[in-house]
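Q: Could we go through this structure together? I would like to begin with the arrangement of the chains and then turn to individual residues.

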There are 2 protein chains.
Amino acid sequence: MTKTIAFVLYPGLTVLDVVGPLQVVTGLSQLDPRYRVVVLAEGTAPLPSDTPLGLVASHTFDEIPEPDVLIVPGGMEGTMAALADDTFLERIRRAAVGADLVASVCTGSLLLGAAGLLEGRRATGHWSMRHLLERFGAVPVAERWVEDGRIITAAGVAAGIDMALALVERLTGEETARMVQLWIEYDPQPPLGGIDWDGVDIPSYRPIVDGLLATTLADHPELLGRLTA
Amino acid sequence: MTKTIAFVLYPGLTVLDVVGPLQVVTGLSQLDPRYRVVVLAEGTAPLPSDTPLGLVASHTFDEIPEPDVLIVPGGMEGTMAALADDTFLERIRRAAVGADLVASVCTGSLLLGAAGLLEGRRATGHWSMRHLLERFGAVPVAERWVEDGRIITAAGVAAGIDMALALVERLTGEETARMVQLWIEYDPQPPLGGIDWDGVDIPSYRPIVDGLLATTLADHPELLGRLTA
């Protein structure tokens with residue numbers, strides 16, 4: 001039987017959060033016809049991303065009510081707006097109910113948290129907002145990706161590629177994961193090397209994050225209070 | 001004066017070829033207002049990608065005739081069709097004329113080659129089709145990305161992220177490149193490690209590539225002959 005891997009779109013999301021894992025699992029679906037990939041949104045009109053590129057879903061939420069794998073991307077302004085959107089959170093909650101696996105990338109884990117899916121779970125997300133996971137009952141962990149039962153959360157943006165390869169390995173094994181990796185030539189050589197975390201003063205970015213929350217959640221004082229108290 | 005970095009869209013391209021570098025240079029534009037980013041296509045109607053995600057350009061080619069930096073993504077079937085599309089190649093040629101930098105990702109280098117931009121230049125592309133660059137007068141090089149004068153070509157798909165960070169460093173310096181890298185959390189940890197190239201028998205994939213060319217270029221015998229002779 002075909003397994004459906006579904007991505008969730010919403011306005012203003014970080015496009016690499018979607019496209020990194022999407023390219024990986026589309027590779028899986030090309031190698032293994034037991035998997036199909038869909039991209040879900042409220043409708044199929046173009047949505048803005050956090051870049052000048054517009055995005056179009058392949059299906060509506062109503063068309064694919066019960067995906068087997070659900071992947072929720074993050075972002076900054078757009079994700080904060082989505083956090084305050086109860087209709088959207090209900091979409092995630094419903095799509096997640098019967099899913100074998102529920103994954104997030106970047107601040108997408110905050111959306112899982114707001115949907116009530118991270119209670120008591122170890123989880124990660126973008127380094128700048130990872131601490132906020134606690135506000136949803138999760139245990140923030142500074143890892144590239146975190147698997148806790150059927151929930152898999154990735155760190156910021158580009159971490160979605162690593163997480164998705166781990167997901168492919170989990171679904172179908174090492175051989176397929178390696179073939180997908182080869183085909184998308186994921187053999188990273190960051191020109192300046194990896195990130196030197198010892199040189200990143202994470203708390204110093206807190207005012208930027210608090211400012212973002214205050215601006216984007218001004219009309220949602222209860223949620224803003226929950227996140228900044 | 002503002003510098004415009006333009007991506008080129010066409011039907012069926014590999015979406016991560018666009019979105020990796022797009023996320024990187026959009027980060028640049030957020031940190032440094034001297035840069036703006038646009039996504040160009042023939043029109044602004046949704047275009048299919050090589051995944052279920054549809055893509056929408058921000059501008060038409062006619063609206064941005066002279067970008068300062070041009071970035072051309074690759075793909076498989078869609079890129080082969082674009083290789084045979086003289087109108088599209090003329091778009092690339094014209095947009096490239098006055099550009100300070102012209103970059104490609106993956107088989108996008110074949111498009112640069114077909115547009116006559118790689119004569120005598122060192123260049124790279126997706127490992128499976130890198131040898132075809134010779135047919136356009138280029139010198140194929142097995143590197144993550146290759147800079148030859150104003151032309152920068154990246155290896156397959158995910159290599160566009162590394163190339164784009166090098167591009168940001170070239171445009172604005174190391175500090176900005178590091179900040180973009182931090183923000184998109186590009187600190188790769190491929191779950192199965194990097195690609196073991198010694199274990200990849202590249203010539204064994206030649207029949208797949210020749211089959212793709214034969215199928216997609218059946219109506220273009222001259223180009224097919226040039227690429228497979």
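A: The discussion below moves from the two chains to their sheets, the core and two individual residues.

Q: Before that, what kind of model is this?
A: This is a predicted model.

Q: How are chain A and chain B related?
A: A turn of 180° with a shift of 0.0 Å along the axis lays chain A on chain B, with an RMSD of 0.0 Å. That is the relation of a two-fold axis. As for the contact surface, the same one serves both copies: 100% of the contact residues of chain A recur in chain B.

Q: Which residue of chain A comes closest to the rotation axis?
A: That is A:Leu55, whose C-alpha lies 2.5 Å from the axis.

Q: Which strands make up the open sheet of four?
A: The order is 3(A)-4(A)-4(B)-3(B), and the pairing is antiparallel. Strand 3 (47–48) of chain A and strand 3 (47–48) of chain B are the edge strands, each pairing on one side only.

Q: And how many bridges hold strand 3 of chain A to strand 4 of chain A?
A: Two bridges, in the antiparallel sense, with strand 4 covering residues 54–56. Within this pair, A:Pro48 stands opposite A:Gly54.

Q: Turning to the open sheet of seven strands in chain B, what is its order?
A: The strands of chain B follow the order 5-2-1-6-7-11-10, with mixed pairing. At the edges are strand 5 and strand 10 of chain B, each of which pairs on one side only.

Q: Do strand 1 and strand 2 of chain B run parallel or antiparallel?
A: They run parallel, and six bridges join strand 1 (residues 3–8) of chain B to strand 2 of chain B. One of the pairs has B:Ala6 with B:Val38 as its bridge partner in strand 2 of chain B.

Q: Is strand 2 of chain B mostly covered or open?
A: Strand 2 (residues 35–41) of chain B is mostly covered, with six of its seven residues buried.

Q: What about the other end, where strand 10 and strand 11 of chain B pair?
A: Strand 10 (residues 145–148) and strand 11 (residues 151–154) of chain B pair in the antiparallel sense over four bridges. They form a hairpin with two residues between them, and B:Gly149 in the turn has a positive phi of about 65°.

Q: Which residues face each other there?
A: B:Glu147 stands opposite B:Ile152 in strand 11 of chain B, and B:Asp148 has B:Ile151 as its bridge partner in that strand.

Q: On to the core: how many residues are in the largest nonpolar one?
A: The largest nonpolar core has 174 residues, and those with the most contacts inside it are A:Leu9 and B:Leu9.

Q: What does A:Leu9 touch?
A: Leaving out residues up to four places away in sequence, the partners of A:Leu9 include A:Val18, A:Val39, A:Leu40, A:Leu55, A:Phe61 and A:Phe88, and also B:Leu53 from chain B. A:Leu55 is also the residue of chain A that comes closest to the rotation axis.

Q: Let us look at A:Gln23. Is it buried or exposed?
A: A:Gln23 is buried, because its relative accessible area is 5%, and the cut-off for buried is under 20%. A:Gln23 is found in helix 1 (residues 15–31) of chain A.

Q: Which residues does A:Gln23 contact beyond its sequence neighbours?
A: Not counting neighbours within four places in sequence, A:Gln23 is in contact with A:Ile184 and, in chain B, with B:Thr14, B:Val15, B:Leu16, B:Asp50, B:Thr51 and B:Val157. A polar atom of the A:Gln23 side chain lies 3.3 Å from the backbone nitrogen of B:Val15. A:Ile184 is 161 residues from A:Gln23 in sequence, yet their C-alpha atoms are 7.9 Å apart.

Q: And B:His59, where is it found?
A: B:His59 is found in strand 5 (residues 59–60) of chain B, which is one of the edge strands of the seven-stranded sheet. B:His59 is partly exposed, with a relative accessible area of 22%.

Q: What surrounds B:His59?
A: Beyond neighbours within four places in sequence, its contacts include B:Arg36, B:Val38, B:Leu40, B:Thr44 and B:Ile64. A polar contact of 2.8 Å joins the side chains of B:His59 and B:Ser58.

Q: Finally, what does UniProt place at residues 3–169 of chain A?
A: An unreviewed UniProt entry places the feature "domain: DJ-1/PfpI" there. In the model, that span is 32% helix and 24% strand, and its end C-alpha atoms lie 15 Å apart.

Notes. Residues are numbered from 1 along each chain as its sequence is written. Chains are lettered from A and ligands numbered from 1 in the order in which they are written. This is a predicted model: local features need pLDDT of at least 70, side-chain atom pairs count only at pLDDT 80 or more; totals for chains, interfaces and linings use all residues. Side-chain values use heavy atoms; hydrogens and water are left out. Buried means under 20% relative accessible area, exposed over 50%, partly exposed in between (1.4 Å probe, protein chains only). Contact means heavy atoms within 4.5 Å. A polar contact is a pair of N or O atoms within 3.5 Å; within protein, one must be able to donate a hydrogen and the other to accept it, and residues adjacent in sequence count only if both atoms are side-chain atoms. Two strands pair if DSSP finds at least two bridges between them. UniProt positions are given in the numbering used here, feature names are shortened, and annotations may be inferred rather than shown by experiment. Copies are superposed by least squares on the C-alpha atoms of residues with pLDDT of at least 70 in both. A nonpolar core is a set of buried Ala, Val, Leu, Ile, Met, Phe, Trp, Tyr and Cys residues joined through side-chain atoms within 4.5 Å.
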